[in-house]
Amino acid sequence: MTNAQVTALTYGLLVFAAVWTTILVPQLIVHVSRFGRPQAGRIAKTAMVTLYACMTVAVVLLPLPGPHSKRLEQTVQLHPFQWIADIHTELLKHGLSAANWFTTQTFQQAAMNVLLFVPLGLFARLLWKRGFVGTMAVGFTASLLIELTQLSANFGTAPFVYRIFDVDDLMTNTFGAMLGWVLAAMLLAFRAGSTSTVDTQPVRRERVHLAQAR
């Protein structure tokens, strides 16, 4: 993990603490007024979604560029599956064989993009009861919002564009949300299968009396 990633995660946790403190008090008040007591399950779900949102925003936007940061030579990448060609380029650059493709920074970045949106797919299925297509739309929309934020230099709040608008990120993020939905569906199916019982009646043996008139 790089220093930049550690910095982003640290700020993400700090923002979560601030946001969660702001949300928790009103939520407790609402719970007491509606249910008579705090609902631990609802509070935990809100905490998980808030933590995920804060950490995701921190990872994709931080750290911000400093006064001496170098500007990007390319700010837009619109070629689908460019990351596959980039893996080949990285292997040639470092003199690695094709068998080491999974060790490249390009592949690890793509994998992180997928994993980053898996929780969103889980939330969409488990908490928001979205279908597969709805989850795919949620993942794509969230990813597009992030990419547009990066392309606009955080809507003009950053001195210049410091992250690339990458169509591959849209694809991998959306795939991550879809994967999360599938995992959630499998989890629900497993839980339903483990809790369901089959009502079976023992087979009754009928005694036949040969002497009894029929």
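Helices are DSSP runs of H or I with at least four residues, numbered from the N terminus. The exercises below concern a predicted model.

**Exercise 1. Backbone exceptions**

Determine in which elements Lys129 and Phe155 lie, and whether each is buried or exposed.

*Solution.*
Step 1. Most residues other than glycine have a negative phi, and most peptide bonds are trans.
Step 2. Phe155, although not a glycine, has a positive phi of about 55 degrees. Its place is in helix 6, which covers residues 153–156.
Step 3. The relative accessible area of Phe155 is 59%. Exposed means over 50%, so Phe155 is exposed.
Step 4. Lys129 is not a glycine either, and its phi is positive at about 55 degrees. Lys129 belongs to the loop between helix 4 (105–126) and helix 5 (132–151).
Step 5. With a relative accessible area of 61%, Lys129 is exposed.

**Exercise 2. A cis peptide bond**

Identify which residues the cis peptide bond joins, and where Pro63 is found.

*Solution.*
Step 1. The bond between Leu62 and Pro63 is cis, with omega about 0 degrees.
Step 2. Pro63 sits in the loop that runs between helix 2 (40–61) and strand 1 (76–77).

**Exercise 3. The packing of helix 2 and helix 5**

Describe the geometry with which helix 2 and helix 5 pack, and state which residues meet.

*Solution.*
Step 1. Two packed helices are described by the angle between their axes and the distance between the axes.
Step 2. For helix 2 and helix 5 the angle is about 40 degrees, and the axes are 11 Å apart. Helix 2 is therefore oblique to helix 5.
Step 3. The crossing of helix 2 with helix 5 is right-handed.
Step 4. On the side of helix 2, the contact involves Thr56, Val60 and Leu61; they meet Ile146, Thr149 and Gln150 of helix 5.
Step 5. By type, the residues of this contact divide into 3 nonpolar, 3 polar and no charged.

**Exercise 4. Helix 1 and helix 2**

Classify Thr50 and Ala17 as buried, partly exposed or exposed, and state which residues Thr50 touches.

*Solution.*
Step 1. Thr50 is a residue of helix 2. Buried means under 20% relative accessible area, so Thr50, at 10% relative accessibility, counts as buried.
Step 2. When residues up to four places away in sequence are not counted, Thr50 touches Phe16, Val19 and Ile23.
Step 3. Ala17 lies in helix 1, residues 3–35. Its relative accessible area is 38%, so Ala17 is partly exposed.
Step 4. Ala17 and Leu51 are 34 residues apart along the chain, and their C-alpha atoms are separated by 8.6 Å.

**Exercise 5. The nonpolar cores**

State which residues of the largest nonpolar core touch the most other members, and which helix gives the most to this core.

*Solution.*
Step 1. The largest nonpolar core has 13 residues, of which Tyr52, Val60, Phe117 and Tyr162 touch the most other members.
Step 2. At least two residues of this core come from each of helix 2 and helix 4. Helix 4 gives the most, with 4 residues.
Step 3. Leaving aside neighbours within four places in sequence, Phe117 is in contact with Tyr52, Gly139, Ala142, Ser143, Ile146, Asn173, Gly176 and Ala177.
Step 4. Another core, of 5 residues, lies apart from the largest one; among its members are Phe16, Trp20, Ile43 and Ala47.

Definitions and conventions:
Residues numbered from 1 in each chain as written. Predicted model: local features only at pLDDT ≥ 70, side-chain atom pairs only at ≥ 80, totals over all residues. Heavy atoms only, no water. Buried < 20%, exposed > 50% of the residue type's maximum accessible area, 1.4 Å probe, protein only. Axes fitted to C-alpha atoms, helices over the stretch in contact; angles between N-to-C directions. Parallel < 35°, antiparallel > 145°, perpendicular 65-115°, else oblique. Left-handed = near helix turned anticlockwise from the far one by under 90°. Contact = heavy atoms within 4.5 Å. Nonpolar A, V, L, I, M, F, W, Y, C, P; charged D, E, K, R; others polar. Core = buried A, V, L, I, M, F, W, Y, C linked by side-chain atoms within 4.5 Å.
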